[in-house]
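I opened this structure to look up its pockets, its surface and a few single residues. My entries follow in the order I made them.

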Amino acid sequence: MIEDDDKFKQKENLEVKSEKNLLRPIIVIITFLLWCTLLSYFFFPKVKAAINDSGVVPLIMNMQEEQSTPQRGIKAIYYSQDGAKVFSFVTQKRGSTYLHDTIEALINDYPEVALKNGCISLVSSKTKLIGLSVSRGICYVDLSKEFLSSPSYKNYNAYDQIKETLLLDDKIEKVVILVEGKVLDSNYFITQK
């Protein structure tokens, strides 16, 4: 009988040890949750302001809208004998942003509305858009070397057409045009006449 009592005592000690082992992780988890709550309380306003200032949320919303439609409305400048005219029209999506699609439209599209008004694009149709990015209000457009063979018309040229078209966007303050990674001088087309 004495042996049975010893076994009984050993089982009691095991149960007490397992209760103590469970208590420690629970205290760690509660401490971690309290720490996270305090951090989020103090830093949430700063994080929220940083997210709002970064413009990530509107960008995500625009990307969701753009993915739902295969076409996109754009504005572009085309030239006629009477001067530069702004046309709004719908073009197919070719890139991730409307600015990308706008440049692609100047290269490849001749909207019916512009043609009826005798307007043309001066950007060579052999030009390829290598890249387009916007940073702090400056739009960088990288084009292939075929852009240099774009014609001029009266006092108008392809450089000005791209620049003026991109400046139609209120968020763009300046346009930098590159040809295969090298900045193109704005006087290039003027000196080629």
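**A charged pair, Lys 85 and Asp 82**

I started with Lys 85, which counts as partly exposed because its relative accessibility is 25%. I am working on a predicted model. Lys 85 makes a salt bridge with Asp 82, and the closest N and O atoms are 4.0 Å apart. Asp 82 has a relative accessibility of 69%, so I put this residue down as exposed.

**The other salt bridge**

How many salt bridges does a search of the whole structure find? I got 2. Besides the pair above, Lys 116 forms a salt bridge with Glu 112. Here the closest N and O atoms are 3.2 Å apart. Both Lys 116 and Glu 112 sit in helix H4, residues 112–116. They are 4 residues apart, which is about one turn of the helix. I checked the exposure of each partner. Lys 116 is exposed, at 66% relative accessible area. Glu 112 is exposed too, at 55%.

**Chain layout**

I then stepped back to the whole chain. I counted 6 helices and 6 strands. Reading from the N terminus, I wrote the order as α-α-β-β-α-α-β-β-α-β-β-α. The chain has 193 residues, and 28% of them are buried.

**Largest pocket**

I looked for open space next. Rolling a probe the size of a water molecule over the atoms shows where empty space is left. The largest pocket has a volume of about 510 Å³. I find 20 residues in its lining. Which of them lie nearest the centre? They are Leu 59, Thr 97, Tyr 98, Val 134 and Lys 171. Helix H2 (56–68), helix H3 (98–108) and strand E3 (129–135) are the elements that give two or more residues to this lining. H2 has the largest share, with 5 residues. By class, I noted 8 nonpolar, 8 polar and 4 charged residues in the lining of the largest pocket.

**Second largest pocket**

I moved on to the second largest pocket, which holds about 190 Å³ of space. Its lining includes Arg 72, Gly 73, Ile 74 and Lys 75. Tyr 98, Leu 99 and Thr 102 also belong to this lining. So do Thr 165, Leu 166, Leu 168, Asp 169 and Asp 170. Tyr 98 is thus a name I wrote down for both pockets. Strand E1 (71–80), H3 and helix H5 (158–166) each supply at least two residues here. Which element gives the largest share? E1 does, with 4 residues. I sorted the lining of the second largest pocket into 5 nonpolar, 3 polar and 4 charged residues.

**Nonpolar patch**

On the surface I found a nonpolar patch of about 1000 Å². Its members include Trp 35, Leu 38, Leu 39, Tyr 41, Phe 42 and Phe 43. Val 47, Ile 51, Val 57 and Met 61 are also part of it. Helix H1 (2–54) and H2 each supply at least two residues of the patch. H1 gives the most, with 8 residues. I picked Ile 51 for a closer look, and found its place in H1. Ile 51 has 39% relative accessibility, so I class it as partly exposed.

**His 100**

His 100 lies in helix H3. Is His 100 buried or exposed? I noted it as buried, because its relative accessible area is 18% and the cut-off for buried is under 20%. I also took the distance to Ser 133. The two residues are 33 apart in sequence and 8.7 Å apart in space, C-alpha to C-alpha.

**Backbone angles**

Last, I went through phi. Most residues other than glycine have a negative phi. Arg 136 has a positive phi, near 55°, and is not a glycine. I located Arg 136 in the loop between E3 and strand E4 (138–143). Arg 136 counts as exposed, because its relative accessibility is 80%. Glu 180 also has a positive phi, about 50°. Where does Glu 180 lie? I found it in the loop between strand E5 (174–179) and strand E6 (182–183). Glu 180 is partly exposed, with a relative accessible area of 46%.

Terms used. Residues are numbered from 1 along each chain as its sequence is written. This is a predicted model: local features need pLDDT of at least 70, side-chain atom pairs count only at pLDDT 80 or more; totals for chains, interfaces and linings use all residues. Side-chain values use heavy atoms; hydrogens and water are left out. On a 1 Å grid over the protein atoms alone, a cavity is a set of points where a 1.4 Å probe fits but cannot get out, and a pocket is an open set with protein on both sides within 12 Å along at least five of seven lines; lining residues have an atom within 4 Å of a point. Grid points are joined across faces, edges and corners, and a volume is the space filled by probe spheres set on the points. Ala, Val, Leu, Ile, Met, Phe, Trp, Tyr, Cys and Pro count as nonpolar, Asp, Glu, Lys and Arg as charged, and the others, Gly among them, as polar. Patches are made of residues with over 30% relative accessible area and no salt bridge: like charges are joined within 9 Å, nonpolar side chains (Val, Leu, Ile, Met, Phe, Trp, Tyr) within 5 Å. Accessible areas come from the Shrake-Rupley method with a 1.4 Å probe; for residues, only the protein chains shown count as cover. A salt bridge is a side-chain nitrogen of Lys or Arg within 4 Å of a carboxyl oxygen of Asp or Glu. Buried means under 20% relative accessible area, exposed over 50%, partly exposed in between (1.4 Å probe, protein chains only).
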